[in-house]
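Dear colleague,

I am handing over the structure below, and after it you will find my notes on what turned up when I went through it. Please read them with the coordinates open beside you.

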Amino acid sequence: MRSYDVAVVGSGPIGSTLARYVAKEGFKVVILEKKRNVGVPLQCAGLLGKRIKKINILPQEFIMNEIYGAYLHSPSETILKVSKKDPEAYVIDRVAYDQFLSDEAVQSGAQLLLNHRVESVNIHNGEVFVRNGEKISAQVVVGADGYNSMVSRLFNSASENYEAVQYLMSVKGVERDYVHVKAESQISPGFLWIIPISDSLVRVGMFSSLPYKEASAHLEGYIQKNPQLKNSTYLKKYHGCIPIFNPKKQIVKKRAILVGDAASQVKPTTGGGLTLGFLCAKLASEVMVKALEIENTEILQKYQTLYGKKFGKELKTQRMVHKTFQSLNDAELDFMFSKLKEEDAEDLISEYGDMDTQSPLVKEMLRRGIIFSILPQLLSRRISSLWK
C-alpha cells in the first residue's frame, strides 16, 4: 500500500489545480484518474470570464477567441445588446487546458495515475480502494470527481443535475466578438447559447432540466429555426451534466474534502464552475496545508466555514436570480425584456454586468427601482416573495 499526504480523486482542472498548490508546499500528492486521458471528452461550453487570468494560469495559446459582449434574446426575439470596451470573456480549448493544468500539477511534484478508477474511500482513516485492487492511504482525500462524485455520496445525498447538450458547428459569417444567449420558459433557468470560436466555427448549446432526448430535440429545433445558423454543418456533438447548486451541501467530512462540481460549486445563474472552482481549490489547499503541517485533520472543517463566508452572499444573490427566471413564463420574459430596453438597461448591464459576479448589477437595479418597475404588479408581488 502506497502512502501519500493527499489523494485527489479526479484529474479535472479543479482537482489538478488543488494538487499543484499542495505539491508546491512540499507534500506528497497523488491524482487518481479513472480515464486513460485527461480532459476528454469535452463537457463544457468553454467560455470563461476575464477574471480567470487573475485566478489561475491561462496561457494565451489556449485562448481561441475573445468576447466583448452578448446579445440577450427573449422568447419572441426582443434583443438586448451588452458590450464592453475590453474582452469580457475568453473562449478556450478546454481539453488542452485541462491537460495543461494536469501537467502543471505533475511538474510541481504531484503524481498522476491514469486508468485508476476509485471504487471506495474510507473517510475515517483515508484509505482509498482502486478497481485494479490497489489500495492507497492518505491523510486527506479530495473529491474532485465531478457532478456524480463517489466521494460526495459518502456523506451527501446524490446531486441533482441539469442536462447540457452542445454542438460544434461550421457556419459562415460569424460575428466573433459576441455570444448569443436566449431565454425560454420551457428550459428556464437554463438557456440557449451560440459561442463563436472563429469566423467560421461556433459552439451551439443549451442546458435545462429537460431529459436528454427532449433537450437534444429542443436544441435541434432552435438550430433549424435560427437564421444565423442557416447552411451550417454539424461537426461534433457533446453531452454533459451540470450540478445544481446546493447551499446545504456538506463539503468536509472527517478526512474528505470536496471541490468543484463534486461540491456543486457552480454559479446558480449560468452553471459555470471553473472560476469559482479555482477559487475554492485555493481556499481548500490553504486549509489543507495548515492541517498537514500540524498533523491535525480536524482543521479541515474550517474549509466549510470559510467557503460560506467568502462566497455565501454572492451565491445567495445568484440563487434568487435563478429562482426569479424559473418563475417566469414566455410572455413575462418578453415583457421584461421589452421594458428593460425601454429603460435603457443595456447601458446599465454593460456597465455593471459581470459573468462571475452578478450581485453588483442586481443591487444597482434594485437601487434604481428598475427590477420591480418593469414587471406587472401581480408578477412583481410574486417575485418579491421569492426574495424575502
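In this predicted model, helix H1 (residues 13–24) packs with helix H5 (residues 274–293) at an angle of about 35°, and their axes are 9 Å apart. The crossing of these two helices is right-handed. On the H1 side the contact is made by Pro13, Ile14, Thr17, Leu18, Tyr21 and Val22, while H5 contributes Leu274, Gly277, Phe278, Ala281, Lys282, Ala284, Ser285, Met288 and Leu292. Sorted by character, the residues of this contact comprise 11 nonpolar, three polar and one charged.

Two residues of that contact, Leu18 and Met288, come up again in the largest nonpolar core, which has 70 residues and in which Val6, Val8, Leu18, Val259, Met288 and Tyr303 have the most contacts. H5 supplies the largest share of this core, with 13 residues. Which residues does Tyr303 touch, leaving aside those up to four places away in sequence? Its partners are Ile251, Val252, Ile257, Leu258, Val259, Gln265, Cys280, Leu283, Ala284 and Val287.

The loop between strand S18 (256–258) and H5 holds Thr269, and I looked at the surroundings of this residue in some detail. Is Thr269 buried or exposed? Thr269 counts as buried because its relative accessible area of 14% falls under the 20% cut-off. The side chain of Thr269 is joined to that of Gln318 by a polar contact of 3.0 Å, and the C-alpha atoms of Thr269 and His322 are separated by 5.2 Å, although these two residues are 53 residues apart along the chain.

Some backbone features may also deserve your attention, given that most residues other than glycine have a negative phi, and most peptide bonds are trans. Ser264, which is not a glycine, has a positive phi of about 50°; Ser264 is placed in the loop between S18 and H5 and is buried, at 1% relative accessibility. Asn231, also not a glycine, has a positive phi of about 60° and lies in the loop between helix H4 (212–225) and strand S16 (233–243). Asn231 is exposed, because its relative accessible area of 71% is over the 50% cut-off. Finally, the peptide bond from Ser188 to Pro189 is cis, with omega near 10°, and Pro189 is found in the loop between strand S13 (178–182) and strand S14 (191–196).

With best regards

How values were computed
Residues numbered from 1 in each chain as written. Predicted model: local features only at pLDDT ≥ 70, side-chain atom pairs only at ≥ 80, totals over all residues. Heavy atoms only, no water. Axes fitted to C-alpha atoms, helices over the stretch in contact; angles between N-to-C directions. Helix = DSSP H or I, 4+ residues; strand = E, 2+ residues; numbered from the N terminus. Left-handed = near helix turned anticlockwise from the far one by under 90°. Contact = heavy atoms within 4.5 Å. Nonpolar A, V, L, I, M, F, W, Y, C, P; charged D, E, K, R; others polar. Buried < 20%, exposed > 50% of the residue type's maximum accessible area, 1.4 Å probe, protein only. Polar contact = N/O pair within 3.5 Å; in protein donor to acceptor, adjacent residues only side chain to side chain. Core = buried A, V, L, I, M, F, W, Y, C linked by side-chain atoms within 4.5 Å.
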